[in-house]
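Take a moment to turn the model around on your screen before reading on. We'll start from one residue and work outwards.

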Amino acid sequence: MIYTFRARLLCVAIVCGISVTAYSVTIHVPADQPTIQAGIDSAADGDTVMLSPGTYTGAGNHSIDFAGKKIALLGEQGRDSTIIDLSADSSSLRRAFVFRSGEDTLTRVVGLTVTGGYGPRDGPDTASVGGAFVCDSAGPLIENCRFTACRAWHGGAGYLTRSWAIIRG
């Protein structure tokens, strides 16, 4: 629906000879999109994916891939109210986020709690890495997030390789 609106606006602007100024939108999960991944998939550079307070579980709410997009993923009321519960164990390995497409500090994750991650075996020598997130050749900004009960052989919360990520707060 968001892309349809953008496409129509662009067509009207082209037909009428109006210059188009880029703008960003806020995509609300779950109001506009049912899962975090669906929100990110529908976002364009500069957009914000806003998570309503609550606990996010299941398909589309883990192994979230930003695919190089320069977007913000924000917990609307902060990390105490916005939780990604991975409920992973040694037989169901999963993490919250994957940054492997050159994301930089214009890709932001702010104000979330990630709990219960267990890093998949995709690290060196097939070791379990990054219980909450992995950054490989990427450098997102992760701010005011809490990681609890996340585990892996390397990097219980996060695993960084060839990364310039900024993690603070």
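Which residues does Glu 143 touch, leaving out those up to four places away in sequence? Keep in mind that you're looking at a predicted model. The answer is Val 109, Val 110, Gly 111 and Arg 168. With Arg 168 there's something extra to spot: the side chains of Glu 143 and Arg 168 are joined by a polar contact of 2.9 Å.

Now zoom out a little. Glu 143 belongs to strand S11, which covers residues 141-143. That strand is part of an open sheet of six strands, lined up in the order S1-S2-S5-S8-S11-S14, with parallel pairing. Look at the two ends of that row: S1 (26-29) and S14 (166-168) each have a single partner strand, so one side of each has no neighbour in the sheet. As for how the strands sit against each other, neighbours in this sheet are turned by 10° on average, ignoring direction.

Let's peek at one pair inside the sheet. Strand S5 (residues 72-75) and strand S8 (residues 108-110) run parallel, and three bridges join them. One of the residues to find here is Leu 74, whose bridge partner in S8 is Val 110. You've met Val 110 already, as one of the residues that Glu 143 touches.

Finally, step back to the whole protein chain. It has two helices and 14 strands. Of its 169 residues, 44% count as buried. The chain's accessible surface is about 8200 Å², and 55% of that belongs to carbon and sulfur atoms. And if you take the contacts between residues at least 6 apart in sequence, 75% of them join residues at least 24 apart.

Note on methods. Residues numbered from 1 in each chain as written. Predicted model: local features only at pLDDT ≥ 70, side-chain atom pairs only at ≥ 80, totals over all residues. Heavy atoms only, no water. Helix = DSSP H or I, 4+ residues; strand = E, 2+ residues; numbered from the N terminus. Polar contact = N/O pair within 3.5 Å; in protein donor to acceptor, adjacent residues only side chain to side chain. Contact = heavy atoms within 4.5 Å. Pairing = 2+ DSSP bridges. Axes fitted to C-alpha atoms, helices over the stretch in contact; angles between N-to-C directions. Buried < 20%, exposed > 50% of the residue type's maximum accessible area, 1.4 Å probe, protein only. Areas by Shrake-Rupley, 256 points an atom, 1.4 Å probe, with all protein chains shown as cover.
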